[in-house]
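Me: I am new to this structure and would like a close look at one part of it. Please take the largest pocket: what lines the largest pocket, and which helix gives the largest share of its lining?

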Amino acid sequence: MSTAHINDVDLLAPPVAQTLQQKSLVVGVVFAAISGIVAVVSPQKFFQAYLLAYMLCVGVTLGCLAWLMIQHVTGGVWGTVIRRPLEAGTRTLPLMAVLFIPLIFGMHRLYVWTDAAEVSKDKHLQMLAAAYLNPRGFVLRAVVYFAVWGLLVYVLNRYSAEQDQPLTRDVGKSIRKLSAPGLVLFALTVSFAVIDWVMSLDPHWISTIYPLIFVVGQCLSALCFMVVVERILSSYPPVLLFLKPKEVHDHGKFMLAFIMLWAYFSFSQLLIIWAGNLPDEITWYTRRLHGGWQGVGLFLAAFHFAVPFLFLLSRPFKRSPLSLVWLAGWMLFMRWVDLLWHIEANFNQTMSSVSGLDVAAWIVVPIAMGGLWLALFFRNLKGHTLLPLYDPKSRLLLEPAHE
């Protein structure tokens with residue numbers, strides 16, 4: 001396909017996107033019905049699993065937003081090939097805003113600081129509740145987070161849509177001007193959201209590096225998802241024509257970098273807290289390094305870091321879409337395991353206290369939410385061409401000389 005004959009029809013998503021949308025919707029609806037049964041049988045276990053599912057799905061959405069801004073700031077061709085899928089991922093934010101509402105109604109089942117009786121017994125909780133951790137502040141801050149993210153998503157997608165028409169102004173410059181401060185806003189809002197939604201499950205525990213572990217995890221989740229999507233689409237035109245081993249290799253290198261960054265932040269937090277040996281800080285780890293949860297921690301160390309790290313050291317492995325997609329799919333599973341370790345250990349002090357209903361909820365609820373998320377993602381993907389028509393980098397990708 002030469003650049004002289006490019007049109008919007010040539011660059012539309014292949015029919016497989018429609019097929020995947022329909023299948024994802026069916027899976028999402030069926031498992032949502034099963035999740036409803038779990039909610040009736042045990043509302044407590046349902047909301048615990050719901051928070052796990054929510055952090056997994058919203059993590060991919062926000063990770064897509066982060067990578068989109070990184071791509072605009074750096075200007076790499078590696079990002080152009082996944083730019084429209086990233087944008088489709090960001091446009092799932094309205095769904096995530098709606099799905100946050102059940103957490104508001106279920107917060108009293110998740111957060112001890114919402115229980116007035118418990119707060120009255122604990123002076124530390126009383127101070128936190130007065131200054132920060134209270135239901136009203138929880139909701140108002142969430143509104144601010146979604147407003148900031150929504151504004152970034154709206155403006156970035158609007159600017160991008162302009163690049164499907166003959167350019168009358170330097171849209172790329174405007175996008176870069178927004179993306180640079182947008183990354184700062186993103187880091188700040190996501191950090192506070194993680195403090196509100198996850199770290200406050202144990203309000204006596206504080207770690208300044210904890211939100212960064214989630215920021216890195218979100219970026220890793222989104223990148224792995226993009227690797228899976230590009231592998232699916234690369235079997236059909238137009239992605240078949242412009243996705244080359246060089247871009248796949250770049251995505252593999254980014255996966256390696258963020259896996260190492262996740263390990264660095266996680267180990268640094270453990271080392272600092274363990275060396276300090278303060279009762280209010282160490283209890284978070286003693287809960288997760290005893291009672292069976294230590295097995296999950298060792299599993300994460302081995303298969304969220306060590307094994308993927310060794311595979312990604314290989315250049316041929318990173319340049320092979322077929323090899324990389326299996327690792328990307330595995331890393332998405334490991335992101336679920338990591339969130340399970342962070343969230344569910346707050347509610348089950350030992351693995352022996354985990355029931356079959358717990359395990360069923362951990363599986364069913366994320367599949368339900370993930371199915372709905374994927375259905376909207378593939379619907380969004382069909383709404384635009386897979387490359388911005390009048391972006392200069394698109395022409396480079398479509399040149400026959402592109403390797």
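Reply: What follows describes the largest pocket and then a ring pair that involves one of its lining residues.

The model is predicted, with local features needing pLDDT of at least 70 and side-chain atom pairs pLDDT 80 or more, while totals for linings use all residues. Residues are numbered from 1 along each chain as its sequence is written, and side-chain values use heavy atoms, without hydrogens and water.

The largest pocket has a volume of about 700 Å³, the space filled by probe spheres set on its grid points, which are joined across faces, edges and corners. A pocket here is an open set of points on a 1 Å grid over the protein atoms alone, where a 1.4 Å probe fits, with protein on both sides within 12 Å along at least five of seven lines, and lining residues have an atom within 4 Å of a point. Of its 24 lining residues, Leu 56, Phe 225, Leu 332, Gly 370 and Leu 374 are the closest to the centre. The largest share of the lining, nine residues, comes from α18, a helix being a DSSP run (H or I) of at least four residues, numbered from the N terminus.

Phe 225, in helix α11 (residues 210-233), and Trp 373, in helix α18 (residues 356-381), are 148 residues apart. Their ring centres lie 5.3 Å apart with planes at 80°, so the pair is edge-to-face (centres within 6.5 Å, planes over 60 degrees apart). Phe 225 is buried at 10% relative accessible area, and Trp 373 is buried at 4% (buried means under 20%, with a 1.4 Å probe and protein chains only).

Key:
Phe/Tyr/Trp six-rings, centres within 6.5 Å; stacked < 30°, edge-to-face > 60°. Helix = DSSP H or I, 4+ residues; strand = E, 2+ residues; numbered from the N terminus. Buried < 20%, exposed > 50% of the residue type's maximum accessible area, 1.4 Å probe, protein only.
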